[in-house]
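Please open the structure in a viewer and keep the selection tool at hand. The tour proceeds by stops, each with something to select and a description of what is there.

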Amino acid sequence: MPGRTPSLRPRTGRAEGPRRGPSPTATRRVPLALLLPALLGVVFLTLPLIGLLVRTPWSDLTAQLRGTQVLQALRLSLITASLATALSLVLGVPLAWLLARARFPGRRLLRALITVPLVLPPVVGGVALLLALGRRGILGQYLDSWFGITLPFTTAGVVLAEAFVAMPFLVLSVEGALRAADPRFEDAAATLGASGWTTFRRVTLPLIAPGVAAGAVLAWARALGEFGATITFAGNFPGTTQTMPLAVYLALQDDPQAAIVLSLILLAVSITVLAALRERWMTTA
Amino acid sequence: MIMTFALRASRTASALALAGAVVLAAAAGCSSGSGSGSGGAPAAASSGAASSAAALSGTVTVFAAASLTGTFTKLGKDFEAAHPGVTVKFNFGGSDSLAAGIVSGAPADVFAAASTTTMNTVTKAGDAAGTPTVFVKNQLEIAVPPGDPKGIKTLSDLTKPGIKVALCATTVPCGAAAVKAEAAGDVKITPVTLETDVKAALTKVELGEVDAALVYQTDVKAAGGKVQGVDFTEAAKAINTYPIVVLKDAPNATAAQAFVAFVLSAHGRDVLDAAGFQNP
């Protein structure tokens, strides 16, 4: 059977329709036992940001922005975080599908393994990457001797380090979306003769698009802030591997004021991008 | 519904981070608590560190340059053996970041830096009690993998194409010394990475990720057979001096002074000599 099923295009709203209960119209009273810790949580999370804003030497802001090193680091950060997100999407979405849909022994173990980078200190992740992909690493030595490719201290190394840390966020979020999606649409597609790949492309992917977008945003944000794995695996050199978090850390030793300004720039850029993405992609969530 | 899993995942991560922060805070509270407890007995301050070991108690927190890791760990153990009531805690790192930490109020008793520049950061901020004492000197050396596979003999060999070099960032003493050595030899090295402390640069050689790094003689010695040292003439123009000082806001000033005296003692001298440090 040829996999041409043009009318198979369920919309997200309809797919979720029957599962959603009536939305609570009356505002419920918030129990104090929840409200107090919640407010404390807000303070805990926002106070450091306020500290950053209060101590920012606003007059230095433009001078710092004009420094070539800052723009270089910012550019590198944005490029590497985006590439790491792309890599995570290409490898992570199929992986999430495997975890959510396929039945095979050791699936739980696999899921546990994939979440290891979440709990691993990033510096340890960087060391592990060196041992795997470094010049004497278990795979890296062949990359070097057969193809002349060395990954440490390159921009590609930064992308790999960031993807290593960020991909689990995407996989977990996409897997969650897959589990929440109604499998009957996929079954229907299959009965109508669609191949597995066509079903995934035309039915599953549109269904879980918001989950994929959310996962990608999480992964991007994590990659943008990545420090430990990057400095360990990719080193620190302006222009090739010095991302914004590394620049902030080094500036902190030398010129704390500059470090504050750099932090603020990174914060502003990331919030702007995330807000823009949220507006566009994540309104349904 | 779709978002909940993502949210739950990130919430777990932040819960873990919070747990970590709580543990850290508890540890910090513990050390400063015991420190201030002993600081409340200043009567024992001048009774002499050499004989009356029983007068000292609490914790001494020492911020020391990464290149002192081996020697100071040993000296700390010896000091604890000589003064059973005292625990010595170390924070080893790049001298610049240690100095930055002290200036912004980290609860340390003693600061041992790998350069006068980084020590000046602390003295200028008025955080040192008294004048720092220079206790050792250290000289740069080229660290290469055992057998020197790339045949590196001089500083200018590091500028050859295809040679991957790790240097320290210029804010760290070993990086500042490297800049001086480069100027003395009129060579310009293009490193692949600028590491945040000398041990990180050395590790990159040990792992085989770079072909050479500019580190201290003492680091090469401490690494045992894992790296090999190559002396170069320009190193004589880039010698670092290591000052040590008790800090003004030391939570345990009495024991801090005793520790500094211990480092400057004949035994301290022996330990530092054995590691390859030079007399000031």
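Two strands are taken to pair if DSSP finds at least two bridges between them. The model is a predicted one.

**Stop 1: a strand with several partners**

Begin with strand β4 of chain B, residues 128–144, and select residue A143(B). Opposite A143(B), in β8(B), stands G229(B). Strand β8 covers residues 228–230 of chain B and runs antiparallel to β4(B), to which three bridges join it. Now select A213(B), which is the bridge partner of A143(B) in β7(B). Strand β7 of chain B spans residues 212–216, and its pairing with β4(B) is antiparallel, over four bridges.

Continue to residues 239–247 of chain B, which form strand β9. Eight bridges link β9(B) with β4(B), again in the antiparallel sense. Two opposed pairs may be displayed here: V136(B) faces Y242(B) of β9(B), and K137(B) faces T241(B) of β9(B).

**Stop 2: the surroundings of β9(B)**

Keep β9(B) selected. Is this strand mostly covered or mostly open? It is mostly covered, since seven of its nine residues are buried. Next add strand β3 of chain B, residues 110–112, to the selection. Strand β3 and β9(B) run antiparallel and are joined by three bridges. V110(B) is found opposite V246(B) in β9(B).

**Stop 3: two helices of chain B**

Select helix α2 (residues 69–82) and helix α9 (residues 266–274), both of chain B. Their axes come within 10 Å and cross at roughly 150 degrees. Angles over 145 degrees count as roughly antiparallel, and α2(B) is therefore roughly antiparallel to α9(B). The crossing of the two helices is right-handed.

To view the contact itself, show the side chains of the following residues:

- from α2(B): T71(B), K74(B), L75(B) and D78(B);
- from α9(B): H267(B), G268(B), V271(B) and L272(B).

Sorted by class, the residues of this contact are three nonpolar, three polar and two charged.

**Stop 4: chain A as a whole**

Turn to chain A and colour it by secondary structure. Chain A has 14 helices and zero strands. Of its 285 residues, 38% count as buried. Among the contacts in chain A with a separation of 6 or more, 79% are between residues 24 or more positions apart.

**Stop 5: a buried alanine**

Select A161(A), located in helix α9 of chain A, residues 155–180. Is A161(A) buried or exposed? A residue counts as buried if 20 or more other C-beta atoms lie within 10 Å of its own; A161(A) has 32 such neighbours and is therefore buried. Leaving aside neighbours within four places in sequence, the residues in contact with A161(A) are G126(A), L129(A), E226(A), A229(A), T230(A), F233(A) and A234(A). For a distance to display, choose F227(A): 66 residues separate it from A161(A) along the chain, and the C-alpha atoms are 9.2 Å apart.

**Stop 6: an exposed tryptophan**

Finally, select W146(A), which is in helix α8 (residues 140–147) of chain A. Twelve or fewer C-beta neighbours make a residue exposed; W146(A) has 8 others within 10 Å and is therefore exposed. Draw a line from W146(A) to L49(A): the two are 97 residues apart in sequence, and 48 Å lie between their C-alpha atoms.

Technical notes:
Residues numbered from 1 in each chain as written. Chains lettered and ligands numbered in written order. Predicted model: local features only at pLDDT ≥ 70, side-chain atom pairs only at ≥ 80, totals over all residues. Axes fitted to C-alpha atoms, helices over the stretch in contact; angles between N-to-C directions. Parallel < 35°, antiparallel > 145°, perpendicular 65-115°, else oblique. Left-handed = near helix turned anticlockwise from the far one by under 90°. Contact = placed C-beta atoms within 7 Å. Nonpolar A, V, L, I, M, F, W, Y, C, P; charged D, E, K, R; others polar.
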